[in-house]
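Q: Could you take a close look at one part of this model, beginning with the ring side chains and their exposure and then following the packing and the charged pairs around them? A careful, connected account would be welcome.

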Amino acid sequence: MDQRKKGFLDYFMPKYRYLQIEVPYYEYLRGEVFLEDTKDLFEEAPQNLTLYHLIALLYFDFLEQVKKGAKYEQLCPFLISSWNGR
């Protein structure tokens, strides 16, 4: 259980936030094929693995890199170039 003291705003703001991600349909299909290939190639891959799980893993890995001290000056151009490359 979290023993931190609650601040004033903590009583008004929920603990969780929802993130909505929109991707082109073709990218969605590519992700589905990737997951099916992963399940076929690796016995240890969970058979109930979904795009939701894959996106969550990537998102949490990204946040972990930020927590470990990744430089914003490096992250921002990388994300922008990845987005513009589409």
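A: Tyr59 has a relative accessibility of 38% and therefore counts as partly exposed, whereas Phe60, at 54%, counts as exposed. These values, like the rest of what follows, come from a predicted model.

The count of aromatic pairs comes to 2. One of them joins Tyr25 and Tyr28, whose rings are stacked, with 5.9 Å from centre to centre and 25° between the planes. Both tyrosines belong to helix H1, where they stand 3 residues apart, about one turn of the helix. As for their exposure, Tyr25 is exposed, with a relative accessible area of 59%, while Tyr28 is partly exposed at 36%. The rings of Tyr59 and Phe60 have centres 5.8 Å apart and planes that meet at 55°, so this pair is tilted. The stacked label for Tyr25 and Tyr28 rests on their 25°, because planes under 30 degrees apart are counted in that way.

Helix H1, which carries the stacked pair, covers residues 25-41. Its 17 residues reach 24 Å from the first C-alpha to the last, close to the 24 Å expected at 1.5 Å a residue. Within H1, the buried residues are Gly31, Leu35, Thr38 and Lys39. They cover an arc of only 95° around the axis, which means that they sit on the same side of H1. The face of the helix turned away from this buried side carries exposed residues, namely Tyr25, Tyr26, Asp40 and Leu41. Tyr25 thus belongs both to the stacked pair and to the face of H1 that is turned away from the buried residues.

What do the buried residues of H1 pack against? Their partner is H2, a helix made up of residues 51-67. The 17 residues of H2 should span 24 Å at 1.5 Å a residue, and its end C-alpha atoms are indeed 24 Å apart, so the two values agree. Just after H2, Gly69 adopts a positive phi of about 105°.

Lys39 deserves a closer look, because at 13% relative accessibility this lysine counts as buried, the cut-off for that label being under 20%. Once the neighbours within four places in sequence are left aside, Lys39 is in contact with Ala45, Pro46, Gln47 and Leu49. The side chain of Lys39 also meets that of Glu36 in a salt bridge, with 3.6 Å from N to O. The two residues are separated by about one helical turn, because they stand 3 residues apart in H1. An α-helix has 3.6 residues a turn, so residues three or four places apart point the same way. The two partners nevertheless carry separate labels, for Lys39 is buried at 13%, while Glu36, at 40% relative accessibility, counts as partly exposed.

How many salt bridges does a search of the whole structure find? The search finds 3. Another of them links Arg30 with Glu27, the closest N and O atoms being 3.5 Å apart. Arg30 and Glu27 again both lie in H1, and 3 residues, about one turn of the helix, separate them. Arg30 has a relative accessibility of 47% and so counts as partly exposed, and Glu27 is likewise partly exposed, with a relative accessible area of 24%. There is also a salt bridge between the side chains of Lys67 and Glu64, at 3.8 Å from N to O. These two residues lie in H2, and because they are 3 residues apart, about one helical turn separates them. Lys67, at 67% relative accessibility, counts as exposed, whereas Glu64, at 32%, counts as partly exposed.

To place these details in the whole chain, the protein has 3 helices and 0 strands, and from the N terminus on its elements follow the order α-α-α. Of its 86 residues, 10% count as buried, and the buried residues in H1 include Leu35 and Lys39. The protein exposes about 8800 Å², and carbon and sulfur atoms supply 61% of that area.

Technical notes:
Residues numbered from 1 in each chain as written. Predicted model: local features only at pLDDT ≥ 70, side-chain atom pairs only at ≥ 80, totals over all residues. Heavy atoms only, no water. Helix = DSSP H or I, 4+ residues; strand = E, 2+ residues; numbered from the N terminus. Buried < 20%, exposed > 50% of the residue type's maximum accessible area, 1.4 Å probe, protein only. Contact = heavy atoms within 4.5 Å. Salt bridge = Lys/Arg side-chain N within 4 Å of Asp/Glu carboxyl O. Areas by Shrake-Rupley, 256 points an atom, 1.4 Å probe, with all protein chains shown as cover. Expected span 1.5 Å × (residues − 1). Phe/Tyr/Trp six-rings, centres within 6.5 Å; stacked < 30°, edge-to-face > 60°. Arc of directions from axis to C-beta.
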